[in-house]
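Reader: I should like to learn how the features of a structure are read. May we look at one together?

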Amino acid sequence: MRATVMYGAGDVRVETVPDAQLVGPGDALVAVTRAAICGSDLWPYKSMEPDEGGRRMGHEFIGVVEEVGADVHTLKAGDLVVTPFLWSDGTCVFCREGLHTSCLHGGRYGWDGVDGGQGEAVRVPQADGTLVVLPVDADDELMPSLLTLSDVMATGHHAALSAEVGPGRTVAVVGDGAVGLCGVIAARRLGASQIILLGHHQDRIALARDFGATDVVNERGDEAVERVRELTDGFGAHSVLECVGLEQATVTAMRLARPGGAVGRVGVPQEEVIPEGETTFFENVTIAGGPSPARAYIEELLPDVLEGRIEPGRVFDRVGTLDKVPDGYRAMNDREALKVLIEF
């Protein structure tokens with residue numbers, strides 16, 4: 001079969017690799033029909049050291065079950081399924097608490113002999129606990145939005161929950177990437193009265209306004225903080241969604257929160273230390289977040305996608321085949337594309 005392999009910074013190839021196949025009795029073999037390139041895939045694209053063995057890429061996909069192991073009881077061949085970006089057993093103490101990202105028996109696609117999602121097929125371990133059956137056909141027009149449940153929509157939702165978004169709250173979203181835009185959707189869905197997007201790409205701003213953003217701040221740094229305070233009666237936001245991970249974005253997010261507010265961090269952090277520690281401490285700002293337990297959110301968000309109440313699939317602004325994946329990485333890295341959808 002063919003799959004995406006990264007050999008170092010900027011070196012992404014589509015190659016023939018060993019066919020995916022069942023290994024354990026809890027596995028499912030899934031033929032991929034849709035996949036995506038994630039913003040987090042760009043971190044190794046920028047910085048990965050050369051690796052002769054290569055690294056299998058991709059963790060967002062929808063596909064059709066071809067075969068299941070003897071211990072799989074909730075899935076059958078022919079089921080159309082979506083996966084969260086991590087696999088998990090669904091039964092351990094952390095999964096039962098809704099924290100599937102800390103599953104005692106889980107793991108990551110593309111690691112430890114598990115296929116990456118940017119390929120023709122994937123062996124999914126812990127299939128019963130991981131995969132969610134979709135009640136639509138594989139060519140349904142909702143495929144882009146359903147695919148976002150694998151990661152970016154679930155991550156935007158996690159940011160909003162971590163930031164304690166609720167009815168009447170003022171929300172600031174730091175970052176106009178796919179996760180930030182999905183954070184706007186999540187904030188509106190949860191009843192926020194004011195949603196301020198911090199971003200400067202005009203096409204993304206237009207999409208954010210469609211999704212529910214009430215205000216846009218183009219400035220950065222001190223000027224952005226001052227502008228948000230002007231929009232919030234001088235207090236700052238009740239809830240801040242940090243959807244970038246870079247130091248400056250994190251500093252800005254911490255400074256945007258009003259006393260007693262909350263910051264939901266879902267951007268992969270590029271620094272070891274959380275900034276503005278003294279300020280957030282004395283202003284009783286809650287800091288929460290981390291990798292989204294997407295498996296805990298898929299079934300909650302699924303009806304809203306199926307019934308058209310949210311349209312997160314609009315974050316995809318480029319569609320290509322597997323052969324076009326290397327150019328998709330380049331386009332996203334160069335800010336020519338927001339998020340790339342791969343069709344098989």
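Author: Helix 5 and helix 11 are roughly perpendicular to each other (an angle of 65 to 115 degrees), because they pack at about 100 degrees. This is a predicted model, in which local features need pLDDT of at least 70, side-chain atom pairs count only at pLDDT 80 or more, and totals for chains, interfaces and linings use all residues. Residues are numbered from 1 along each chain as its sequence is written, and side-chain values use heavy atoms, without hydrogens and water.

Reader: What describes two packed helices?

Author: The angle between their axes and the distance between the axes describe them. Here, helix 5 covers residues 152-162 and helix 11 residues 294-306, with the axes 9 Å apart.

Reader: Which residues make the contact of helix 5 and helix 11?

Author: Met153, Ala154, His157, His158 and Leu161 of helix 5 meet Ala294, Tyr297, Glu300 and Leu301 of helix 11; contact means heavy atoms within 4.5 Å.

Reader: Is Ser145 buried or exposed?

Author: Ser145 lies in helix 4 (residues 143-148). With 8% relative accessibility, Ser145 counts as buried (under 20% relative accessible area, 1.4 Å probe, protein chains only). Leaving aside neighbours within four places in sequence, Ser145 is in contact with Val305, Glu311, Pro312 and Gly313.

Reader: How is empty space found?

Author: A probe the size of a water molecule is rolled over the atoms, and this shows where empty space is left. In the largest cavity (points on a 1 Å grid where a 1.4 Å probe fits but cannot get out), the lining residues, with an atom within 4 Å of a point, include Pro84, His100 and Ala294.

Conventions
1 Å grid on protein atoms, 1.4 Å probe; cavity = no way out; pocket = protein on both sides within 12 Å on 5 of 7 lines; lining within 4 Å. Axes fitted to C-alpha atoms, helices over the stretch in contact; angles between N-to-C directions. Helix = DSSP H or I, 4+ residues; strand = E, 2+ residues; numbered from the N terminus. Parallel < 35°, antiparallel > 145°, perpendicular 65-115°, else oblique. Buried < 20%, exposed > 50% of the residue type's maximum accessible area, 1.4 Å probe, protein only.
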